[in-house]
Amino acid sequence: MLVTTPVSAAKNAMIQFNAEKAEVKAGKPFTVTMKVTASDFITNVETYIAYDADIMTFVDGGEYVSGSSGLLRVSAKFSGNEASVSIPLVFSGIAPGVGTV
């Protein structure tokens with residue numbers, strides 16, 4: 001399975017996804033880090049993330065991430081002391097193919 005991670009931009013922030021591995025074997029976990037960078041300090045992040053549920057399954061995203069079956073919700077509050085925050089998303093490969101987050 002090959003994981004691709006596009007970059008998205010919001011009104012005052014940029015969201016970038018980085019996969020720790022380009023290729024993953026079925027049944028093996030891998031982490032995709034969601035990095036949010038803004039021109040001002042970040043106090044919250046509210047977004048949805050779609051992923052290919054035929055190729056991978058969501059395992060864990062910590063306290064900020066919920067969802068399954070191809071759609072995750074990120075709802076995170078921060079102290080507002082940083083202009084960049086990272087949220088790790090753990091997936092597991094389930095089938096051969098090219099998957100996207």
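The secondary structure of the protein chain comprises ten strands and zero helices. The model is a predicted one. The exercises below treat its overall make-up, its strand pairing, its core and some individual residues.

**Exercise 1. Overall make-up and confidence**

Task: Describe the order of elements in the protein chain, the share of buried residues and the confidence of the model.

Solution.
Step 1. Read from the N terminus on, the elements run β-β-β-β-β-β-β-β-β-β.
Step 2. The protein chain has 101 residues, of which buried residues make up 32%.
Step 3. Among contacts with a separation of 6 or more, 64% are accounted for by residues 24 or more positions apart.
Step 4. The mean pLDDT of the chain is 87, and 89% of the residues reach 70 or more.
Step 5. Over residues 1–5, pLDDT stays under 50; the model has 30 contacts beyond four places in sequence for this stretch.

**Exercise 2. The partners of strand β9**

Task: State in which sense β4 and β6 pair with β9, and over how many bridges.

Solution.
Step 1. The pairing of β4 with β9 is antiparallel and extends over nine bridges.
Step 2. Within β9, Val90 is the residue that stands opposite Thr31.
Step 3. The pairing of β6 with β9 is also antiparallel, over four bridges.
Step 4. Here Gly93 in β9 is the bridge partner of Met56.

**Exercise 3. The surroundings of Ser92**

Task: Determine whether Ser92 is buried or exposed, and list the residues that Ser92 touches.

Solution.
Step 1. Ser92 belongs to strand β9, which covers residues 84–93.
Step 2. The relative accessibility of Ser92 is 12%. Buried means under 20%, so Ser92 counts as buried.
Step 3. Leaving aside residues up to four places away in sequence, Ser92 touches Gly27, Lys28, Pro29, Phe30, Ile55, Met56, Thr57 and Val59.
Step 4. One of these residues, Phe30, lies in strand β4.

**Exercise 4. Aromatic rings**

Task: Find how many aromatic pairs the whole structure holds, and classify the pair formed by Phe30 and Phe91.

Solution.
Step 1. A search of the whole structure yields four aromatic pairs.
Step 2. In the pair of Phe30 and Phe91, the distance is 5.9 Å centre to centre and the angle between the planes is 25°. Planes under 30 degrees apart count as stacked, so this pair is stacked.
Step 3. The two residues are 61 residues apart, Phe30 being in strand β4 (residues 29–38) and Phe91 in strand β9, and the pair thus links distant parts of the chain.
Step 4. Phe30 has a relative accessibility of 0% and counts as buried; Phe91 is likewise buried, with a relative accessible area of 0%.
Step 5. Phe30 and Phe91 also belong to one aromatic cluster together with Tyr51 and Phe58.
Step 6. Phe30 and Phe58 are 28 residues apart along the chain, and their C-alpha atoms are separated by 9.9 Å.

**Exercise 5. The largest nonpolar core**

Task: Identify which strands supply residues to the largest nonpolar core, and which strand gives the largest share.

Solution.
Step 1. In soluble globular proteins, nonpolar side chains tend to be buried together.
Step 2. In this model the largest nonpolar core has 23 residues, and those with the most contacts inside it are Phe17, Met34, Val45, Ile49, Leu89, Phe91 and Val101.
Step 3. At least two residues of this core are supplied by each of β3 (13–19), β4, β5 (44–50), β6 (56–60), β8 and β9.
Step 4. β4 provides the largest share of the core, namely five residues.

**Exercise 6. A salt bridge between strands**

Task: Locate the salt bridge of the model and explain why it ties together separate parts of the chain.

Solution.
Step 1. Side chains of opposite charge can pair when their charged atoms come close.
Step 2. The count comes to one salt bridge. Glu46 forms this bridge with Arg73, and their closest N and O atoms are 3.1 Å apart.
Step 3. Because Glu46 lies in strand β5 and Arg73 in strand β8, the pair ties together parts that are 27 residues apart in sequence.
Step 4. Glu46 is partly exposed, at a relative accessible area of 44%, and Arg73 is partly exposed, at 35%.

**Exercise 7. The backbone at Ser69**

Task: State where Ser69 is found and what sign its phi has.

Solution.
Step 1. Ser69 is found in the loop between β7 (65–68) and β8 (71–77).
Step 2. Most residues other than glycine have a negative phi.
Step 3. The phi of Ser69 is near 55°, a positive value in a residue other than glycine.
Step 4. With a relative accessibility of 69%, Ser69 counts as exposed.

Key: Residues are numbered from 1 along each chain as its sequence is written. This is a predicted model: local features need pLDDT of at least 70, side-chain atom pairs count only at pLDDT 80 or more; totals for chains, interfaces and linings use all residues. Side-chain values use heavy atoms; hydrogens and water are left out. Buried means under 20% relative accessible area, exposed over 50%, partly exposed in between (1.4 Å probe, protein chains only). Contact means heavy atoms within 4.5 Å. Rings of Phe, Tyr and Trp (its six-membered ring) pair if their centres lie within 6.5 Å; planes under 30 degrees apart count as stacked, over 60 as edge-to-face and the rest as tilted. A nonpolar core is a set of buried Ala, Val, Leu, Ile, Met, Phe, Trp, Tyr and Cys residues joined through side-chain atoms within 4.5 Å. Two strands pair if DSSP finds at least two bridges between them. A salt bridge is a side-chain nitrogen of Lys or Arg within 4 Å of a carboxyl oxygen of Asp or Glu. pLDDT is the predictor's confidence in each residue, from 0 to 100.
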